[in-house]
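Subject: Structure handover

Hello,

I am passing a structure on to you, together with notes on what turned up in it. Please look through the model first and then read on.

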Amino acid sequence: MNRKEAREFAMKCVFQMEAQKEFTKEAADKFAENETGSQKLYLEKLLKDICENIEHIDNLLNAHSDGWPVSRMAKADLAILRVAACEILYSDIPKAVSINEAVELAKTYGTEQSSKFVNAVLKNIE
């Protein structure tokens, strides 16, 4: 699994965590144990960081989503935004790379407007 595939897998994990309302270390560990490839450490850290910082991440998303609180966002868009925001805030991945990959995921998993929405929100995350 390459980094792009790991990011997509992470988005799916975060989507499932949202569905279960379970942003815990145990949930992150459960999802990360399914990955055994070269991106295992990346995935473990990403899911752990999201679980530990979900409130901060969601507050930033709310602040930069122009009237679309996380409670109203499409769940696929929300999962994509959480993964990318976490990368921007807590990893050494360049912001432009995180945004570009998030926009590509939004084109695949979101609506026609998702990629524009994801880009607009993430460009303001610092």
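The notes below go through the core, one of the helices, the charged pairs, and the cysteines. Please keep in mind that this is a predicted model.

**Core**

The largest nonpolar core holds 43 residues, and those touching the most other members are Leu47, Ile50, Leu61, Leu81, Val118 and Leu122. Each of the helices α1, α2, α3, α4, α5 and α6 (114–122) supplies at least two residues of this core. Helix α3 gives the largest share, at 10 residues.

Leu81 is a useful residue to start from when viewing the core. Setting aside residues up to four places away in sequence, Leu81 touches Leu61, Met73, Phe117, Val118, Val121 and Leu122.

Ala6 is worth a look as well. Ala6 is placed in helix α1, and its relative accessible area is 0%, so this residue is buried. Which residues is Ala6 in contact with, leaving aside its neighbours within four places in sequence? They are Met1, Gln39, Tyr42 and Leu43. In the case of Tyr42, the C-alpha atoms of the two residues are 7.9 Å apart in space, with their positions 36 residues apart in sequence.

**Helix α4**

Helix α4 covers residues 75–90. Of its 16 residues, 13 are buried, so the helix is mostly covered. Its length can be checked with a simple sum: at 1.5 Å a residue, 16 residues should span 22 Å, and the end C-alpha atoms are 22 Å apart, which agrees.

**Charged pairs**

Side chains of opposite charge can pair when their charged atoms come close. How many salt bridges does a search of the whole structure find? The count is 14. Three of these pairs are described here, beginning with Glu18 and Arg82.

The side chains of Glu18 and Arg82 form a salt bridge with an N to O distance of 2.8 Å. This pair links distant parts of the chain, since Glu18 belongs to helix α1 (residues 3–20) and Arg82 to helix α4, 64 residues apart. Are these two residues buried or exposed? Glu18 has a relative accessibility of 10% and therefore counts as buried. Arg82, at 3%, is also counted as buried. The cut-off for that label is under 20% relative accessible area.

Asp29 and Lys25 make another salt bridge through their side chains, at 2.7 Å, N to O. Both residues lie in helix α2 (residues 25–32), and the 4 residues that separate them amount to about one turn of the helix. An α-helix has 3.6 residues a turn, so residues three or four places apart point the same way. Asp29 has a relative accessible area of 39%, which makes this residue partly exposed. Lys25 counts as exposed, at 53% relative accessibility.

Helix α3 (residues 40–64) contains both Lys40 and Glu44, which are again 4 residues apart, or about one turn of the helix. Their side chains meet in a salt bridge of 3.5 Å, N to O. Both partners count as partly exposed, Lys40 at 25% relative accessibility and Glu44 at 31%. Elsewhere, Glu18, Lys21, Asp58, Lys75 and Arg82 are joined into one network by salt bridges that share partners.

Another charged residue to inspect is Glu101, in helix α5 (residues 95–109). Glu101 counts as buried, at 16% relative accessibility. Not counting residues up to four places away in sequence, Glu101 touches Lys4 and Arg7.

**Cysteines**

The number of disulfides comes to 0. Cys13 is in no disulfide, and the nearest cysteine sulfur, in Cys51, is 9.9 Å away. Cys13 is buried, at 2% relative accessibility.

Why does Cys86 form no bond with Cys51? The sulfur of Cys51 is the closest cysteine sulfur to that of Cys86, but at 9.3 Å the distance is too far for a bond. A disulfide would need the two sulfur atoms within 2.5 Å. Cys86 is buried too, with a relative accessible area of 1%.

Regards

Methods: Residues are numbered from 1 along each chain as its sequence is written. This is a predicted model: local features need pLDDT of at least 70, side-chain atom pairs count only at pLDDT 80 or more; totals for chains, interfaces and linings use all residues. Side-chain values use heavy atoms; hydrogens and water are left out. A salt bridge is a side-chain nitrogen of Lys or Arg within 4 Å of a carboxyl oxygen of Asp or Glu. Buried means under 20% relative accessible area, exposed over 50%, partly exposed in between (1.4 Å probe, protein chains only). Contact means heavy atoms within 4.5 Å. The expected span of a helix is 1.5 Å times one less than its number of residues. A nonpolar core is a set of buried Ala, Val, Leu, Ile, Met, Phe, Trp, Tyr and Cys residues joined through side-chain atoms within 4.5 Å.
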